[in-house]
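Student: I have a model on my screen and want to learn to read it. Where do I start?

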Amino acid sequence: MLAALDHVQLAAPPGSEDALRAYYAGVLGMTEIPKPPVLAARGGCWFQAGSVQLHLGIERDFRPARKAHPGLRVTAIEAFAARLAAHGAQVVWDDNLPGHRRFYSEDPVGNRLEFLEAVTPSARGS
């Protein structure tokens, strides 16, 4: 029986670790966590915020995920979107998920990311 989602892995091109660190730690505010030595030798980096883990693995023939994506729950979504935009990230709002405010963006290597926050009916109308 499934108990929880442990992590999501996204791919990245060789040599992109510094850009990934700047984005996932610097912009998103995640903490880089150490990879086991045998896995660290492959490159890439892992990040965590609370119980959420994102692993970025190096892929030689990298192609960014344009449709597949992690959905990341955030608080104060307007401020979070402004933070990303201030760092040069594109923010594309989408109103198609009832009961949520959400937007899409991309990491520095082009992987699609969804950010969402549940809203109450009264908060949605204000």
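Student: How many strands form the open sheet, and in what order?

Tutor: Read a sheet by which strand pairs with which. This is a predicted model. Here 4 strands form an open sheet, in the order E5-E8-E7-E6, and the pairing is mixed.

Student: Which strands are the edge strands?

Tutor: Look for pairing on one side only. That picks out strand E5 (71–73) and strand E6 (92–94). Neighbouring strands of this sheet are turned by 30 degrees against each other on average, direction ignored.

Student: What packs on the sheet?

Tutor: H3 does, touching E6, strand E7 (100–106) and E8. The direction of H3 makes about 15 degrees with that of E7.

Student: How do E5 and E8 run, and how many bridges join them?

Tutor: They run parallel, joined by 3 bridges. Leu 72 stands opposite Phe 115 in E8.

Student: Which residues of the largest nonpolar core touch the most other members?

Tutor: For a core, look at who touches whom. This one has 25 residues; Tyr 23, Tyr 24, Leu 28, Leu 84 and Phe 115 touch the most other members. Among the elements that each supply at least two core residues are helix H1 (17–27), helix H3 (77–86) and strand E8 (112–118).

Student: What is Tyr 24 in contact with, leaving aside neighbours within four places in sequence?

Tutor: Its contacts include Leu 10, Met 30, Phe 47, Leu 54 and Leu 113.

Student: And the largest pocket: how many residues line it?

Tutor: Take the space, then the lining. The space is about 360 Å³. The lining has 18 residues, and Met 30, Val 52, Gly 71, Leu 72 and Arg 73 lie nearest the pocket's centre. E4 and E5 each supply at least two lining residues.

How values were computed. Residues are numbered from 1 along each chain as its sequence is written. This is a predicted model: local features need pLDDT of at least 70, side-chain atom pairs count only at pLDDT 80 or more; totals for chains, interfaces and linings use all residues. Side-chain values use heavy atoms; hydrogens and water are left out. A nonpolar core is a set of buried Ala, Val, Leu, Ile, Met, Phe, Trp, Tyr and Cys residues joined through side-chain atoms within 4.5 Å. Buried means under 20% relative accessible area, exposed over 50%, partly exposed in between (1.4 Å probe, protein chains only). Contact means heavy atoms within 4.5 Å. Two strands pair if DSSP finds at least two bridges between them. Axes are lines fitted to C-alpha atoms, for helices over the stretch in contact, and angles run from 0 to 180 degrees between N-to-C directions. On a 1 Å grid over the protein atoms alone, a cavity is a set of points where a 1.4 Å probe fits but cannot get out, and a pocket is an open set with protein on both sides within 12 Å along at least five of seven lines; lining residues have an atom within 4 Å of a point. Grid points are joined across faces, edges and corners, and a volume is the space filled by probe spheres set on the points.
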